[in-house]
Each structure stands twice: as C-alpha cells, then as structure tokens.
Amino acid sequence: MYYGEIKKCDIANGEGVRVSLFVSGCTHHCPGCFNQATWDFDYGKEYTEETEREILDALAPEYINGLSLLGGEPFEPQNQQFLVQLLRKVRERFPKKTVWCYTGYLFDKDLLSESRARCGHTDEMLSMIDVLVDGRFVEKLKDIRLLFRGSSNQRIIDVPKSIQSGEIVLWEPKIRRGL
C-alpha cells in the first residue's frame, strides 16, 4: 500500500484534533474530487512499519482525539489488508481514541453486502471504526457549510450503533459548535 500524506494535527476530517492518513488508490474517480492524485495506487510513499510507528507515535498525545482514514479509498480491498493491521494496534494502544473513515462506498449496499469492496478484512475493519462518512463525492451536491463531508448525499454514520441495531444510525457530534 502507498499513501499520499499523514497529517498529524488535522481538525477538518473528524471531530477534534486528529491524525489523518491519506491512502493511495481509488477506483471511484469522482468528478471534482479534492485529492485526484491519490487515485493512483502507487502515488506517494510506500506504507512501511516505520510509517505505522510514525502514525502510532503521532496518536500518543492526550490532545489527539483519534485517527481518520481517507484517500484515495481506504476500503479498496488491497488497502484493507494494511489498514486492518494498523487499526488493531490503534485499538490496542488507544482504546479511548476514535477512528473515522471516509469512503465512496455505501455502508449498507457495498460494505455490508456482496460487492467488489468486500473482502476478508471488511467486517473486522468496520468493527474498529467509530464513524464512517460514506458515499461518493457529488460535485453538484457540494456544500461547504456541511460538517465533515463534501456533498449532501454523503452520510456520517455511527458504525457501532448501526451494526448493533441493523439500521443506519447517523452520528451525533459530541462537540457543539456555535452558529
């Protein structure tokens, strides 16, 4: 797996201050994508054990709320095998930190049902994600006023509650913002 960037103090891609990993490789190719360079599976740097240590070290400070996975596409099957290993370590070392993931795949139609995204790692990966922002970016539905998403078709899903209830449960922010 390759990655385009690691942001160690990100406030745009999930609640609170986060470490964000932008993986490489995406087959969605959404028109208007903000990160087209990461469509290429070989873009950026190779993900190594050193990369993993860098991410885990960046997560250590108390002010870091958690990890966000973006892309590219984290749920491309060839990325899942690496990310599930990272998430296991994140959950073991930082059980109170949250994991957010951004995907163009739909939670119910693509990740929980048979699709090209599902592989032997999908269910385990989902079990370690707190919040999933799902759905492809749609340029005509772009709205810069939206919280943590680019277009109004995208959903912010509370994954544990959704899996437990068997229905989509939308995420509720813990941090309230004034208007």
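The dialogue below works through the strands, helices and backbone features of a predicted model.

Colleague: Where should a reading of the fold begin, and in what order do the strands of the sheet lie?

Modeller: One begins with the sheet as a whole and then takes its strands pair by pair. Here the sheet is open and has seven strands, in the order S3-S1-S2-S4-S5-S6-S7, with mixed pairing. Strand S3 (45-46) and strand S7 (155-158) are the edge strands, each pairing on one side only.

Colleague: In which sense do S1 and S2 pair, parallel or antiparallel?

Modeller: Strand S1 (residues 2-10) pairs with S2 in the antiparallel sense, over five bridges. Individual partners make the register legible: Glu5 has Phe22 of S2 as its bridge partner, and Asp10 stands opposite Arg18 in S2. The two strands form a hairpin with six residues between them. In the turn, Gly14 has a positive phi of about 135 degrees.

Colleague: How many bridges does S1 make with S3?

Modeller: S1 and S3 are joined by two bridges, and their pairing is antiparallel. Tyr2 has Glu46 in S3 as its bridge partner.

Colleague: Which strand runs parallel to S2, and how is the pair joined?

Modeller: Strand S4 (residues 64-70) runs parallel to S2, and six bridges join the two. Within this pair, Leu21 stands opposite Leu69 in S4.

Colleague: How should the side chains of a strand be read, and is S2 mostly covered or mostly open?

Modeller: The general idea is that in a regular strand the side chains alternate between the two faces of the sheet. As for cover, strand S2 (residues 17-23) has six of its seven residues buried, and is thus mostly covered.

Colleague: Which strands do the helices touch or lie across?

Modeller: For a helix on a sheet, one notes the strands involved and then the direction. H1 packs on the sheet and touches S1, S2, S3 and S4; its direction makes about 15 degrees with that of S1. H2 lies across S2, S4 and strand S5 (98-102). The angle between H2 and S4 is about 170 degrees.

Colleague: How do H1 and H2 stand to each other, parallel or perpendicular?

Modeller: For two helices, one reads the approach of the axes, the angle and the handedness. The axes of helix H1 (residues 49-59) and helix H2 (residues 77-93) come within 11 Å and cross at roughly 30 degrees. Angles under 35 degrees count as roughly parallel, and H1 and H2 are therefore roughly parallel to each other. The crossing of H1 past H2 is right-handed. From H1 the contact involves Glu52, Ile55, Leu56 and Leu59, and from H2 it involves Gln85, Leu86, Lys89, Val90 and Arg93. Sorted by class, this contact holds five nonpolar, one polar and three charged residues.

Colleague: How is a single residue in a helix to be placed; for example, is Leu87 buried or exposed?

Modeller: One combines its accessibility with its contacts. Leu87 lies in helix H2, and it counts as buried because its relative accessibility is 0%. Leaving aside neighbours within four places in sequence, Leu87 is in contact with Leu67, Leu69, Val99, Met125, Met128 and Ile129. Met128 stands 41 residues from Leu87 along the chain, yet their C-alpha atoms are separated by 6.6 Å.

Colleague: Which residues other than glycine have a positive phi?

Modeller: Among them are His29 and Phe148. His29 has a phi near 50 degrees and is placed in the loop between S2 and S3. Phe148 has a positive phi of about 60 degrees and lies in the loop between strand S6 (131-134) and S7.

Colleague: How does accessibility class these two residues?

Modeller: A residue under 20% relative accessible area is buried, and one between that value and 50% is partly exposed. His29, at 42%, therefore counts as partly exposed, while Phe148, at 7%, counts as buried.

Colleague: Where does a cis peptide bond occur, and what is its omega?

Modeller: The bond between Gly71 and Gly72 is cis, with omega about 15 degrees. Gly72 is found in the loop between S4 and H2.

Technical notes: Residues are numbered from 1 along each chain as its sequence is written. This is a predicted model: local features need pLDDT of at least 70, side-chain atom pairs count only at pLDDT 80 or more; totals for chains, interfaces and linings use all residues. Side-chain values use heavy atoms; hydrogens and water are left out. Buried means under 20% relative accessible area, exposed over 50%, partly exposed in between (1.4 Å probe, protein chains only). Helices (H or I, at least four residues) and strands (E, at least two) are DSSP runs, numbered from the N terminus. Two strands pair if DSSP finds at least two bridges between them. Axes are lines fitted to C-alpha atoms, for helices over the stretch in contact, and angles run from 0 to 180 degrees between N-to-C directions. Angles under 35 degrees count as roughly parallel, over 145 as roughly antiparallel, 65 to 115 as roughly perpendicular and the rest as oblique. A crossing is left-handed if the near helix is turned anticlockwise from the far one by less than a right angle, and right-handed if clockwise. Contact means heavy atoms within 4.5 Å. Ala, Val, Leu, Ile, Met, Phe, Trp, Tyr, Cys and Pro count as nonpolar, Asp, Glu, Lys and Arg as charged, and the others, Gly among them, as polar.
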